[in-house]
Amino acid sequence: MIGFDLGGSNLRAARFGDGAQPVASHREPVGEPRDPETIVERVARIAEQLAEPIEGVVPVGVGIAAMLRDRDGTVANSPHLRWRDVAFGTMLAARLGARFHVVVCNDVNAIVWGEAQDGAARGCRDVLGVHVGTGIGGGVIVGGELVTGASQCAGEIGHSKVRWDDAAAPCACGQRGCVEAYLGGSYLQARIARELAAGAHTAAIGLAGGGDVHPGHVDQAAGYGDEWALGLWSELAPLLAVAIGNALAVLNPERLVLGGGVLARCPTLRELVETALEVAAPSASLEPLTVVAAELGDDAGLVGAARLAGRAAAITSRR
Ligand SMILES: [Zn+2]
């Protein structure tokens with residue numbers, strides 16, 4: 001089976017056997033042009049190449065950084081790819097033909113499924129995964145099944161609203177006050193730049209050594225007790241904790257998997273989020289819960305997408 005991870009920067013793909021380690025892999029920048037026709041053609045060619053040694057039906061799972069609309073893999077909105085209302089799954093399936101079984105899913109859904117199959121939530125039946133990278137995504141597994149929702153956008157925790165007053169921050173989804181608009185990496189980076197331009201004094205500037213100050217530098221400074229950095233983290237951490245805590249109240253998972261580049265590079269922020277969760281989540285939801293860090297890193301989405309497609313193809317063939 002073959003898994004793809006189609007993000008805003010990279011197009012990655014891998015062929016898997018039984019394990020979580022790719023047997024063959026491919027990576028190229030998304031680059032330009034990134035119109036749907038061009039991307040479908042590129043994905044199809046890579047899939048055909050990777051599928052060469054496979055006999056029979058080839059499951060192809062594509063995790064895409066997008067808000068989806070239906071089970072056919074229609075992209076409602078992808079700010080990363082600058083796509084709106086694109087019948088991506090249908091186009092790809094038509095281009096690849098009957099030998100391939102195409103499944104399109106949200107990229108973080110794929111990551112969380114991968115972690116549940118082969119990573120930090122192995123063996124768990126009830127899982128919430130939250131991925132804080134450039135944006136914020138999530139994935140929900142209930143009773144061993146990935147919850148996709150009525151229109152394939154279950155788990156979109158990044159667009160949970162944490163502010164709703166006039167000052168609520170605008171989000172790329174078109175609404176305001178989403179938790180992503182506060183803690184998503186690109187928003188975080190912009191916020192840091194704005195505050196520094198306005199004259200914030202912080203050790204993070206020195207830690208960046210003359211380069212751009214990244215969230216990782218702010219986290220290091222916060223770890224040293226830097227007042228500005230700690231102030232910023234103390235404002236933001238509870239917002240993510242509220243979004244996660246409310247989801248825990250509804251879902252009652254046994255495992256919370258925290259992943260993504262921002263949390264990996266910001267251990268102090270992560271610790272503050274976990275502390276805030278103690279008041280942001282109902283204690284009954286916290287009792288059975290173990291909080292863990294994602295294990296599979298960059299490969300989680302590839303494994304997860306491939307496994308979702310493998311599973312869907314197996315179900316179809318049994319019918
Ligand atoms: Zn949003």
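**Stop 1: the zinc ion**

Start at the zinc ion, where the 4 donor atoms subtend angles of 105 to 116°, which makes the arrangement tetrahedral. The ideal angle for four tetrahedral donors is 109.5 degrees. Keep in mind that this is a predicted model.

Now select the protein donors: His159 through ND1, and Cys171, Cys173 and Cys178 through SG. They lie 2.0 to 2.3 Å from the zinc ion. Along the chain the donors follow the spacing H-x11-C-x1-C-x4-C. Trace the backbone next: His159 and Cys178 both sit in the loop between β11 (145-146) and α4 (180-183), so the pair ties together parts that are 19 residues apart in sequence.

Switch on the surface. Are these donors buried or exposed? Take them one by one:

- His159 counts as buried, at 17% relative accessibility.
- Cys171 is buried, with a relative accessible area of 8%.
- Cys173 is buried, at 19%. The cut-off for buried is under 20%.
- Cys178 is buried, at 0%.

While cysteines are on screen, look for disulfides: the count comes to 0.

**Stop 2: the sheet**

β11 leads on to the next selection. Show the open sheet of 5 strands, in the order β11-β10-β9-β12-β13. Its pairing is mixed. Strands of a sheet pair through backbone hydrogen bonds, either parallel or antiparallel.

Which strands form the edges? They are β11 and β13 (290-293), and each pairs on one side only.

Move inward to β9 (residues 127-132) and β12 (residues 255-259). These two strands pair in the parallel sense, over 5 bridges. Pick Val130, and opposite it stands Leu258 in β12.

**Stop 3: helix α10**

Select residues 267-280, which form helix α10. This helix has 14 residues. From its first C-alpha to its last it reaches 19 Å, close to the 20 Å expected at 1.5 Å a residue.

Which residues of α10 are buried? Colour Leu269, Arg270, Val273, Ala276 and Leu277. Then turn the view to look down the axis of α10: its buried residues fall within an arc of 125°, so they line one face of the helix. An α-helix has 3.6 residues a turn, so residues three or four places apart point the same way.

Rotate to the face turned away from the buried side of α10. Here are the exposed residues Glu271, Glu278 and Val279. Colour this set differently from the buried one, and the two sides of α10 can be viewed in turn.

How values were computed: Residues are numbered from 1 along each chain as its sequence is written. This is a predicted model: local features need pLDDT of at least 70, side-chain atom pairs count only at pLDDT 80 or more; totals for chains, interfaces and linings use all residues. Side-chain values use heavy atoms; hydrogens and water are left out. Donors are N, O and S atoms within 2.8 Å of the metal (3.2 Å for Na, K and Ca); water is not among the atoms, so sites may look incomplete. Four donors count as tetrahedral if all angles lie between 85 and 135 degrees; four count as square planar and six as octahedral if opposite donors are over 155 degrees apart and all others between 65 and 115; anything else is irregular. Helices (H or I, at least four residues) and strands (E, at least two) are DSSP runs, numbered from the N terminus. Buried means under 20% relative accessible area, exposed over 50%, partly exposed in between (1.4 Å probe, protein chains only). The expected span of a helix is 1.5 Å times one less than its number of residues. The arc is that of the directions from the helix axis to the C-beta atoms. A disulfide is a pair of cysteine sulfur atoms within 2.5 Å. Two strands pair if DSSP finds at least two bridges between them.
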